[in-house]
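This report describes the fold of one chain and then some backbone details in two chains. Please look at the structure before reading on.

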Amino acid sequence: MADYSWLSKFPKMDRSTLLEIRKYLDGSFRDFSREYGDVIESFFDPLLDFLIWFEKLLVQSPWWAVLLSITALVYFTSRSWKLSLGVVVSFLLIGYFGMWEDTMRTLSIITVCTLLAIVLGVPIGILMSRSNRTQALVTPILDVMQTMPAFVYLIPVVMLLGIGKVPGVIAVVIYAIPPVIRLTNLGIRLVDKEVLEAATAYGANPMQRLMGVQLPLASPTIMAGINQTIMMALGMVVIASMIGVKGLGQPVLKSITNQYFTLGLFNGLAIVALAIIFDRASQAYAKRSQKHMQGGHHE
Amino acid sequence: MKTMILIGGILLSTATHQALAEEQCGKVTIADMNWSSASLIANVDRFILEYGYGCEAELIPGDTMPTSTSMVEKGEPDIAPEIWSNSVKELIERGVSDKRLAIAGHSLSDGGEEGFWVPQYMVDKDPSLKTIEGIIAKVKTFKHPEDPDRGAFYGCPAGWGCQLSAENLYRALKLSDAGFDLVDPGSGAGLSGSIARAYERGKPWFGYYWAPTAVLGKYKMAKVDFGSGIDVDHFRDCISKVECADPKVTMYPSALVQTVTTTDFAEKSTQAFAYLGKRSLTNAQMNGLLAWMEDNQADGNIAAEYFLMNHEDTWLKWVPADVGAKVKAAIEAL
């Protein structure tokens with residue numbers, strides 16, 4: 001008696017087989033976590049110490065000192081009075097509405113995440129730009145990192161490292177690093193071949209070509225990548241707070257669970273303010289460092 | 001003449017439809033909330049209402065706060081099978097007094113069991129950890145992951161009702177002076193993840209959790225005794241509220257876990273409402289089912305089928321005989 005049920009319903013794997021596969025994978029991960037969990041934890045200990053120190057620094061310093069230093073930093077990178085004034089006003093509002101400590105915590109962890117993403121991402125992008133095979137290998141990994149729902153890889157991370165800052169950093173970096181890698185790769189590949197040839201003709205070795213020609217010419221694209229990375233890192237703040245990272249994400253979670261719209265709105269606006277400040281400052285720095293390109297180059 | 005017959009036919013069919021409508025409850029939406037016991041009950045309800053009572057029952061995803069709010073404000077979904085009323089007490093009370101919500105009955109007849117727990121293996125090695133005094137004396141064992149000088153007490157995620165009670169009891173027990181920091185795990189997954197991690201490694205853990213849950217079914221934990229007994233009035237008036245000026249120590253009373261429906265549904269589908277009133281499980285039964293779900297990695301749908309197939313004596317008591325027969329026939333056909 002032929003069974004034609006597959007014509008209407010997809011012929012699924014036998015449920016017991018699927019169950020065995022799931023149990024096997026779960027079991028092997030559990031064994032892995034038991035054996036190597038402590039080793040992996042101690043590997044991240046320096047990072048954890050730095051995160052704790054940096055957060056303590058921002059939270060426990062007097063607010064006017066932090067505000068002054070941030071404003072000074074923004075001014076010196078952007079040389080824009082308007083932006084610095086905007087920074088002062090938004091931080092004063094954030095403090096007045098009672099969100100200072102949370103904002104400092106978020107600021108500290110996002111700064112570390114962004115720096116990590118840039119420090120790890122730009123070299124990987126450079127490596128990708130050198131070889132098509134590397135690009136073909138890395139691109140699917142980037143696709144997974146950007147689209148796999150965060151909790152899927154957070155479950156094993158929480159099993160290994162617990163809840164707290166380090167899993168939060170891992171989650172944010174995984175989500176935020178692909179733009180800087182992709183755009184670094186793109187920017188370097190888009191550098192005019194003739195210019196590279198000219199540099200080689202003048203006797204430049206590969207390192208001089210990279211540092212003197214490729215990176216400066218690719219820098220608008222690389223800065224765009226860094227900017228996107230910053231934005232995506234801030235977008236992950238709420239997900240990070242779901243695994244115990246303190247900061248602006250937790251009041252947002254509270255507002256979701258309790259339907260406190262205004263609380264969520266205010267904390268969300270604080271996150272937006274941080275994002276805009278990071279973005280404008282980094283873009284202004286990028287523009288200033290590319291003044292040399294405003295000669296005959298039109299992009 | 002033909003028109004007369006046509007009109008007569010239409011009227012007759014609407015009359016019979018009217019009669020059938022008494023038994024058919026039409027379209028019903030059931031909230032499928034995102035934890036195992038609620039999902040199991042929702043799927044059981046869906047099956048029985050669909051095949052036993054002829055409703056067009058549909059599951060929609062939900063969570064305690066959004067579902068309750070949506071039921072009060074929009075009258076949808078119709079049924080929320082497992083509301084832990086302590087977490088949304090004011091909302092439910094207001095909904096009932098505004099005649100928008102109706103309480104059908106108790107989903108968990110024993111009520112939920114809340115408390116502070118430590119792993120069983122710790123108590124086996126050191127029986128003093130069964131009491132809060134013993135835990136306070138050994139604060140150094142419960143190391144905080146990010147601060148080596150403090151101990152960690154895992155409270156409830158931000159926004160949960162139990163966050164208030166756990167925090168108030170943390171203050172009443174003076175755990176901060178004893179050296180414990182209140183850790184906010186961020187989400188239910190974070191809290192259960194921290195228990196799983198500690199248990200798998202045989203490490204210490206001390207915090208809030210509740211039963212019946214898959215986590216407590218899988219990882220044997222011991223409830224910590226505060227030595228104070230249960231003061232229901234103080235718990236209701238102070239511990240469970242956000243403003244509790246002077247919290248005193250009390251154990252958790254059993255939590256009310258109810259089936260809540262909209263008044264529209266209660267008035268329209270009286271038979272289905274009566275079933276929901278009778279449908280109730282003890283903690284022992286629920287723990288057993290949750291353990292089975294965990295072992296078989298089953299979701300609510302598969303677990304509901306398992307329950308209906310293997311626990312006839314339990315669910316047949318909730319429905320009249322004819323409904324029971326229809327449901328049995330549907331199960332055989334699965």
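From the N terminus on, the elements of chain A run α-α-α-α-α-α-α-α-α-α-α-α-α. In this predicted model, chain A has 13 helices and zero strands. The C-alpha trace of chain A spans about 80 × 60 × 45 Å along its principal axes. Of its 299 residues, 36% count as buried. Among contacts in chain A with a separation of 6 or more, 76% join residues 24 or more positions apart.

An unreviewed UniProt entry lists transmembrane regions in chain A, among them residues 57-76 and 229-248. The table describes these two stretches in the model.

| Residues of chain A | Helix | Strand | Distance between end C-alpha atoms |
|---|---|---|---|
| 57-76 | 90% | 0% | 21 Å |
| 229-248 | 60% | 0% | 19 Å |

Some loops hold backbone details. R79(A), in the loop between α3 (63-78) and α4 (81-96) of chain A, has a phi near 55°, a positive value in a residue other than glycine. R79(A) counts as exposed because 12 other C-beta atoms lie within 10 Å, and the cut-off for exposed is 12 or fewer. In chain B, K174(B) also has a positive phi, near 55°. K174(B) sits in the loop between α7 (161-172) and α8 (175-178) and is exposed, with 11 other C-beta atoms within 10 Å.

Where in chain B are the cis peptide bonds from E76(B) to P77(B) and from A211(B) to P212(B)? P77(B) lies in the loop between α3 (64-74) and β3 (79-84), and the bond before P77(B) has omega near 0°. P212(B) lies in the loop between β9 (207-211) and α10 (214-218), and the bond before P212(B) has omega near 5°.

Notes. Residues are numbered from 1 along each chain as its sequence is written. Chains are lettered from A and ligands numbered from 1 in the order in which they are written. This is a predicted model: local features need pLDDT of at least 70, side-chain atom pairs count only at pLDDT 80 or more; totals for chains, interfaces and linings use all residues. UniProt positions are given in the numbering used here, feature names are shortened, and annotations may be inferred rather than shown by experiment. Helices (H or I, at least four residues) and strands (E, at least two) are DSSP runs, numbered from the N terminus. A residue is buried if 20 or more other C-beta atoms lie within 10 Å of its own, exposed if 12 or fewer, and partly exposed in between; C-beta atoms are placed from the backbone. Two residues are in contact if their C-beta atoms, placed from the backbone, lie within 7 Å.
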